[in-house]
Amino acid sequence: MTDTLTPVLTANWADDRSWTLPSYAARGGYAALDKALGMAPDEVITAVKDAGLRGRGGAGFPTGMKWSFIPQDNPNPKYLVVNADESEPGTCKDIPLMMASPHTLVEGVIISSYAIRAKVAFIYVRGEVLHVIRRLQAAVAEAYAAGHLGQNIHGSGYDLDLVVHAGAGAYICGEETALLDSLEGRRGQPRLRPPFPAVEGLYASPTVINNAESIASVPSIIANGPGWFAGMGTEKSNGFGIFSLSGHVTRPGQYEAPLGITLRQLLDLAGGVREAPNGQARELKFWTPGGSSTPLFTAEHLDVPLDFESVGAAGSMLGTRALQIFDETVCVVRAVLRWTEFYKHESCGKCTPCREGTWWLVQVLARLEAGQGSAEDLDLLLDQCDNILGRSFCALGDGATSPITSSIKYFRDEYLAHLEQGGCPFDPAKSTLFEEVPA
Ligand SMILES: Cc1cc2nc3c(=O)[nH]c(=O)nc-3n(C[C@H](O)[C@H](O)[C@H](O)COP(=O)(O)O)c2cc1C
Ligand code: SF4
């Protein structure tokens with residue numbers, strides 16, 4: 001099965017001191033930058049377009065097309081901003097990437113900035129991950145010292161400064177326009193669009209915002225050619241991506257594979273659903289294909305190809321490929337309540353449907369989980385979701401409804417069981433599922 005994997009971004013993670021420049025250079029690091037600097041900026045954009053790279057931050061927007069929206073006749077400076085805020089529950093790919101191989105991202109930043117003619121770039125990192133920030137700063141300092149950043153890079157005449165910026169730790173600051181406000185020193189709240197960031201982004205200047213994994217994928221595309229990248233994955237979802245398996249899985253971690261791989265294949269690679277402490281087999285109950293904002297899947301979706309189109313057609317979203325695995329011992333109502341509490345806490349408060357709606361969702365879910373609601377509460381929840389979905393100012397509100405509507409679709413009986421039993425049927429003290437756990 002191991003030939004199912006396509007280690008590219010993760011290829012050097014196990015190398016000795018993989019995060020240092022000598023280690024990265026020993027594998028040919030920064031050779032792609034040389035190659036890119038020998039191309040015209042528009043040729044670099046064309047290569048990324050031809051590769052079919054789509055944004056790895058969740059929405060899957062074509063990266064090369066986004067770059068080509070930058071109006072080059074605008075006299076303002078152009079900026080590249082890397083979104084490394086990574087705060088979605090379950091999403092855990094950018095942080096290990098930046099820890100293990102920060103130079104992959106730094107090289108990607110330089111090539112991408114060259115393509116869009118930016119002279120200043122920013123990596124916006126979630127503030128809580130101080131270890132990542134320090135590692136990135138060290139890599140940037142190494143890159144300056146080696147002449148990969150700064151003035152006249154590799155003797156090409158191209159200049160670039162790269163700033164690593166620490167956010168203060170808010171999920172909403174991963175939304176690209178809230179991120180820009182935060183980077184400008186304001187409270188992070190989404191901006192009204194249009195104007196789009198490509199036209200008026202950072203400091204009202206043309207700005208490209210891309211996810212860290214998107215930008216880190218660029219050096220390999222330049223080094224190996226767009227055909228190499230487009231040859232992997234599916235017809236419309238090209239290339240590879242990092243799939244993050246977490247939760248009730250034997251070997252959780254990062255599995256880099258072509259888009260279109262299935263959870264069944266990934267679970268095979270990861271040793272399957274984790275067994276009980278007494279060795280008893282456990283069943284897959286539900287999972288998220290792309291983080292908590294994407295509608296839940298169940299065991300019936302094990303063979304859905306994990307590409308943008310197939311996951312969408314099956315009723316969810318590929319999102320960030322954050323595959324959170326839950327076995328049959330987990331109460332879906334409790335899991336959904338926890339996620340909803342997160343959305344309520346992280347709602348920035350700018351718009352009423354999300355600010356008020358997420359608060360109400362928690363109230364209704366909490367009483368259902370405690371077995372104190374009524375069957376009508378399920379319709380009430382769906383009605384509340386209906387008033388949030390598509391009526392919120394940004395996608396945080398939409399995402400908050402995904403776990404609720406999908407869990408009611410697949411597990412309505414489990415909600416009702418809470419009411420019938422006057423509490424959680426998964427209470428370890430009562431359930432036979434937990435027999436092996438000492439009291
Ligand atoms: C609430 C919210 C949080 C988000 N968090 C992130 C994040 O942490 N990282 C990220 O790359 N994109 C995040 N996004 C998506 C970004 O708005 C944007 O689509 C993405 O950075 C674009 O990069 P890409 O085209 O390379 O995927 C978030 C969106 C929303 C609505
Ligand atoms: S949907 Fe939520 S997070 Fe987004 S602007 Fe409205 S209140 Fe803020």
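**Notes on the predicted model**

1. Let's start at tyrosine 203, which counts as partly exposed at 44% relative accessibility. Keep in mind throughout that this is a predicted model. Tyrosine 203 is found in the loop between helix 8 and strand 4. Look at its backbone too: phi is near 50°, which is a positive value in a residue other than glycine.

2. Stay in that loop for a moment and look at the prolines. Which residue does arginine 193 join through a cis peptide bond? The partner is proline 194, and omega for that bond is about -5°. Proline 194 is then joined to proline 195 by a cis peptide bond, with omega about 5°. If you want to find them on screen, proline 194 lies in the loop between helix 8 (176-183) and strand 4 (207-211), and proline 195 is found in the loop between helix 8 and strand 4 as well.

3. Arginine 321 is the other residue whose phi I'd flag. Phi here is near 55°, again a positive value in a residue other than glycine. You'll find arginine 321 in the loop between helix 13 (308-313) and strand 9 (322-327). Is arginine 321 buried or exposed? Its relative accessible area is 1%, and the cut-off for buried is under 20%, so arginine 321 is buried. Tyrosine 203, by contrast, came out as partly exposed.

4. On to the overall layout. How is the chain divided into domains? Domain 1 covers 21-230, domain 2 covers 240-327 and domain 3 covers 332-421. On the contact between domain 1 and domain 2, 21 residues come from domain 1 and 17 residues from domain 2. The centres of those two domains, taken over C-alpha atoms, are separated by 28 Å.

5. Now the surroundings of ligand 2. There are 13 residues around this ligand, and the ones that come nearest are Cys348, Gly349, Cys351, Cys354 and Cys394. How do the residues of the shell around ligand 2 divide by type? Eight are nonpolar, four are polar and one is charged. If you're hunting for cavities, the largest cavity is the space taken by ligand 2.

6. Phenylalanine 69 is worth a click. It lies in the loop between helix 4 (63-68) and strand 1 (79-84). Its relative accessible area is 44%, and partly exposed runs between 20% and 50%, so that is the label phenylalanine 69 gets. Which residues does phenylalanine 69 contact, leaving aside its neighbours within four places in sequence? Those are Phe61 and Ala198. Phenylalanine 69 also makes a nice pair to compare in sequence and in space with threonine 207: the two are 138 residues apart along the chain and 9.5 Å apart C-alpha to C-alpha.

7. Valine 48 sits in helix 3 (residues 41-51). Its relative accessible area is 0%, so valine 48 is buried by the under 20% cut-off. Not counting residues up to four places away in sequence, valine 48 touches Leu53, Thr63, Gly64, Trp67 and Val218. Arginine 17 is 31 residues from valine 48 in sequence, and their C-alpha atoms are 30 Å apart in space.

8. Next is isoleucine 95, placed in helix 5 (residues 94-100). At 16% relative accessibility, isoleucine 95 counts as buried. Beyond its neighbours within four places in sequence, isoleucine 95 is in contact with Glu86, Val129 and Val132. For a sense of scale, isoleucine 95 and alanine 314 are 219 residues apart in sequence and 29 Å apart in space, going C-alpha to C-alpha.

9. Last one: valine 164. This residue's place is in strand 3 (residues 161-166). Buried or exposed? Valine 164 counts as buried, at 14% relative accessibility. What does valine 164 touch, not counting residues up to four places away in sequence? The list is Ile123, Val125, Ile133, Leu136, Gln137 and Val140. Cysteine 385 is 221 residues from valine 164 in sequence, with 37 Å between their C-alpha atoms.

Definitions and conventions:
Residues numbered from 1 in each chain as written. Chains lettered and ligands numbered in written order. Predicted model: local features only at pLDDT ≥ 70, side-chain atom pairs only at ≥ 80, totals over all residues. Heavy atoms only, no water. Near = heavy atom within 4 Å. 1 Å grid on protein atoms, 1.4 Å probe; cavity = no way out; pocket = protein on both sides within 12 Å on 5 of 7 lines; lining within 4 Å. Sits in = over half its atoms within 2 Å of the grid points. Nonpolar A, V, L, I, M, F, W, Y, C, P; charged D, E, K, R; others polar. Helix = DSSP H or I, 4+ residues; strand = E, 2+ residues; numbered from the N terminus. Buried < 20%, exposed > 50% of the residue type's maximum accessible area, 1.4 Å probe, protein only. Contact = heavy atoms within 4.5 Å. Domains from an automatic or database assignment.
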